[in-house]
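Hi everyone, thanks for making the time. I'd like to walk you through one model today, so let's put it up on the screen.

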Amino acid sequence: SSYIGGGLGMDSFDRKVDDKKVNVDPLASMCSTNDIPWPYSGDNDDFRTVPFDMQQWYTFQRSNTYSNTVKEYQNHIANTGDINTMAMYIADNPFVVEPMFHFAMFFFSIGENEKGMDLLKRILWVMECASYGSFLYGHERCDKVHLMDYYREENHVFFLTLFRLAQTSCMVGCVVTSLAVGRFLLSLDPMRDPTGTLMVLDYYALATMREKDVLLLLQLVDSNVIKVCLDEDEDNRHICELRDM
């Protein structure tokens, strides 16, 4: 993986990853099948609706320099509430997305929505530059489902930025954008839905006032493809179909 701005890149892996394959550099990928979370990794078909051979996982990667920069920010700036220092830190580190997201939330909290939206767009631009083309443009394929684990620290900001983009777009009447972003966000982890997109996706679909969006919502429920799973621990796991929510 190449690192945008020297810090942020992407890696991919699937169920078939095997570091012992011939002509495969074990250092080329920092992920393995052990990184696939439940319920996608489980052998129980009742919990898994995405077959193993269709799963293609992606995750953002941080270089050592980027990781050290994030730790420095978290230890010395993030919790101080000093907005001026945060702004100067972003100016010095224009490709580090974590402080940019916090700064965007500050602007939204004081009603400066336009500045907040500009920062969200810059975050997505940085992360788009760091992403594989197959991750961004391969969702039309029927033989692969592109997935990402929200609970990996490197992926947090991507999920949260998309969620805020959908939320703020709806606030200014751009519900078509909100629906598109919500659908993409849900597709990244449809069985766990870590950002709760399912709770608002129906509103976005109805608010567009377009028949095709309402039909999409009905097909989503009738297909029974998406099941919401709760993992409290290995002995206490639950599954819920959309009709039972």
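Let's go straight to the largest nonpolar core: 50 residues belong to it, and M148, F158 and L188 have the most contacts inside it. Please keep in mind throughout that this is a predicted model. Helix 4, spanning residues 113-130, gives this core its largest share, with 8 residues. There is also another core lying apart from it, made of 9 residues, including I36, W38, M191 and C229. As a general point, nonpolar side chains in soluble globular proteins tend to be buried together.

Now stay with M148 for a moment. What is M148 in contact with, once we leave aside its neighbours within four places in sequence? Among its partners are M10, F135, F159 and D189. The list also has W57, Y58, T59 and F60, as well as N155 and two residues we have just met, F158 and L188.

One of those partners, T59, deserves a closer look. T59 sits in strand 2, which covers residues 55-62. Is T59 buried or exposed? T59 is buried, because its relative accessibility is 0%, and the cut-off for buried is under 20%. The side chain of T59 makes a polar contact of 3.2 Å with the side chain of N155. N155, you'll remember, is also on the contact list of M148.

That brings us to the sheet. Three strands make it up: it is an open sheet with the order 1-2-3 and mixed pairing. At the edges are strand 1 and strand 3, the latter being residues 145-148, and each of them pairs on one side only. From one strand to the next, the twist averages 30°.

Let's take the two pairings in turn. Strand 1 and strand 2 are antiparallel, paired over 6 bridges. If you want a place to look on screen, find S12, whose bridge partner in strand 2 is Y58. On the other side, strand 2 and strand 3 run parallel, joined by 4 bridges. Here the pair to look for is W57 with L147, its bridge partner in strand 3. Both Y58 and W57 were on the contact list of M148 too.

How covered is strand 1? Of its 6 residues, 5 are buried, so mostly covered is a fair description by the cut-off of under 20% relative accessible area. Helix 4 lies across strand 1 and strand 2, and runs at about 50° to strand 1.

Just after strand 2 we reach S63, in the loop between strand 2 and helix 1. S63 counts as buried because its relative accessibility is 10%. Along the chain S63 is 54 residues from G9, yet their C-alpha atoms are separated by 7.8 Å.

On to the helices. Helix 1, residues 64-76, packs with helix 3, residues 97-109, at an angle of about 35°, and their axes are 9 Å apart. Which residues meet there? From helix 1 we have Y66, V70 and Y73, and from helix 3 V97, E98, P99 and H102. By type, that contact has 5 nonpolar residues, 1 polar and 1 charged.

Helix 3 also holds F106. At 26% relative accessibility, F106 is partly exposed. F106 and G81 are 25 residues apart in sequence, with 9.9 Å between their C-alpha atoms.

Two backbone details for those of you who like to check phi values. D193, in the loop between helix 7 (175-188) and helix 8 (198-207), has a phi near 45°, which is positive in a residue other than glycine. D193 is buried, at 11% relative accessibility. M209 is not a glycine either, and its phi is positive at about 60°. You'll find M209 in the loop between helix 8 and helix 9, residues 211-223. M209 is exposed, with a relative accessible area of 73%.

Let me zoom out to finish. The protein has 9 helices and 5 strands, and from the N terminus the order is β-β-α-α-α-α-α-β-α-α-α-α-β-β. It has 245 residues, of which 42% count as buried. Looking at contacts between residues at least 6 apart in sequence, 61% join residues at least 24 apart.

That's my tour, and I'm happy to go back to any view.

Conventions: Residues are numbered from 1 along each chain as its sequence is written. This is a predicted model: local features need pLDDT of at least 70, side-chain atom pairs count only at pLDDT 80 or more; totals for chains, interfaces and linings use all residues. Side-chain values use heavy atoms; hydrogens and water are left out. Axes are lines fitted to C-alpha atoms, for helices over the stretch in contact, and angles run from 0 to 180 degrees between N-to-C directions. Contact means heavy atoms within 4.5 Å. Ala, Val, Leu, Ile, Met, Phe, Trp, Tyr, Cys and Pro count as nonpolar, Asp, Glu, Lys and Arg as charged, and the others, Gly among them, as polar. Buried means under 20% relative accessible area, exposed over 50%, partly exposed in between (1.4 Å probe, protein chains only). A polar contact is a pair of N or O atoms within 3.5 Å; within protein, one must be able to donate a hydrogen and the other to accept it, and residues adjacent in sequence count only if both atoms are side-chain atoms. A nonpolar core is a set of buried Ala, Val, Leu, Ile, Met, Phe, Trp, Tyr and Cys residues joined through side-chain atoms within 4.5 Å. Two strands pair if DSSP finds at least two bridges between them.
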